[in-house]
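Trainee: I should like to understand how the descriptive terms applied to a model are justified. May we take them one at a time?

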Amino acid sequence: MTNKQLRQWRLILIVLICVWMIIIFLFSRQDINQSTSLSTKMMHLIGQVLQPFTKVDIKEYIYYHFGSLSWWIRKCAHVFIFLILSLLIGLLIMTFPSLTPGKASLITVGIGLTYAFIDEGHQLLISGRNGSLFDVGIDMIGVITGMIIAFCLYDLMRSKREIS
């Protein structure tokens, strides 16, 4: 990769990271009614996808188990959004060859953890929402998973370059 291509790749990653942070901010900005509505829509979508594969009335089942399913959807969303953020950050950090994998990991996790705290703090300011250390922990599952995926992708790309 030429220096120009590397700079372009870094710029693309920085833009994607900023866009993704804005998306996280917008999700966190939703009040309790908007957030619940989005979770409900996701539950209905899951119900529609699963209905053909089960004899159980999925809509009734979802309404009966609304609380627990809603909780899982929200926690999975936390993992997913921070996995993507960490993946993007990890790919950016690894474009700096002077960083050891250990330092790159610490930087990626540090940025992800910092943003998780900022996100939870932001939710404290939103009506009906709350921020929690538990959710920071859930976010960290996504951060660590995203970092691992980024490192695997980086190793895969590097090994392909060495083979060719």
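Mentor: Let us begin with the term helix, which here means a DSSP run of H or I with at least four residues, numbered from the N terminus. Leu50 belongs to helix H2, a run that covers residues 32-50. Please bear in mind that this is a predicted model.

Trainee: What makes up the chain in terms of helices and strands?

Mentor: The chain has six helices and zero strands, and its order from the N terminus is α-α-α-α-α-α. Its C-alpha trace spans about 55 × 40 × 25 Å along the principal axes.

Trainee: Why is Leu50 called partly exposed?

Mentor: Partly exposed is the class between under 20% and over 50% relative accessible area. Leu50 has 42%, so the term partly exposed applies.

Trainee: What makes the nonpolar surface patch, and which helix gives the largest share?

Mentor: Phe27, Leu38, Met42, Leu45, Ile46, Val49 and Leu50 form the patch, with an area of about 550 Å². Helix H2 supplies the largest share, six residues. A patch residue needs over 30% relative accessible area, and Leu50 at 42% therefore meets that requirement. For the whole chain, about 10,500 Å² is exposed, and 71% of that comes from carbon and sulfur atoms.

Trainee: How do you know that Gly142 is buried?

Mentor: Buried requires under 20% relative accessible area, and Gly142 is at 0%, so the term holds. Gly142 lies in helix H6. Buried residues account for 34% of the 164 residues in the chain.

Trainee: Which residues does Gly142 touch beyond its sequence neighbours?

Mentor: Setting aside residues up to four places away in sequence, Gly142 touches Val79, Phe82, Leu83 and Ser86. Gly142 and Phe82 are 60 residues apart along the chain, yet their C-alpha atoms are separated by 4.9 Å. Phe82 in turn contacts Ile24, Gly112, Tyr115, Ala116, Asp119, Asp139, Gly142 and Val143, leaving aside neighbours within four places. Across the chain, 74% of contacts between residues at least 6 apart in sequence join residues at least 24 apart.

Trainee: What makes the largest nonpolar core, and where do its residues come from?

Mentor: The largest nonpolar core has 23 residues, and those with the most contacts inside it are Ile17, Trp20, Ile24, Phe82 and Leu85. Helices H1 (3-29), H4 (66-93), H5 (101-123) and H6 (133-163) each give two or more residues to this core. The largest share, nine residues, comes from H4. In soluble globular proteins, nonpolar side chains tend to be buried together.

Trainee: Why is the pair Asp135 and Lys75 called a salt bridge?

Mentor: The rule asks for a side-chain nitrogen of Lys or Arg within 4 Å of a carboxyl oxygen of Asp or Glu. The side chains of Asp135 and Lys75 meet at 2.6 Å, N to O, so the pair qualifies. Asp135 lies in helix H6 and Lys75 in helix H4, so the bridge ties together parts that are 60 residues apart in sequence. Both residues are buried, and the structure holds one salt bridge.

Trainee: How many disulfides are there, and are Cys18 and Cys76 buried or partly exposed?

Mentor: A disulfide calls for two cysteine sulfur atoms within 2.5 Å, and the count by this rule is zero. Cys18 has a relative accessible area of 40%, so Cys18 is partly exposed. Cys76, at 48%, is therefore partly exposed as well.

How values were computed
Residues are numbered from 1 along each chain as its sequence is written. This is a predicted model: local features need pLDDT of at least 70, side-chain atom pairs count only at pLDDT 80 or more; totals for chains, interfaces and linings use all residues. Side-chain values use heavy atoms; hydrogens and water are left out. Patches are made of residues with over 30% relative accessible area and no salt bridge: like charges are joined within 9 Å, nonpolar side chains (Val, Leu, Ile, Met, Phe, Trp, Tyr) within 5 Å. Accessible areas come from the Shrake-Rupley method with a 1.4 Å probe; for residues, only the protein chains shown count as cover. Buried means under 20% relative accessible area, exposed over 50%, partly exposed in between (1.4 Å probe, protein chains only). A nonpolar core is a set of buried Ala, Val, Leu, Ile, Met, Phe, Trp, Tyr and Cys residues joined through side-chain atoms within 4.5 Å. Contact means heavy atoms within 4.5 Å.
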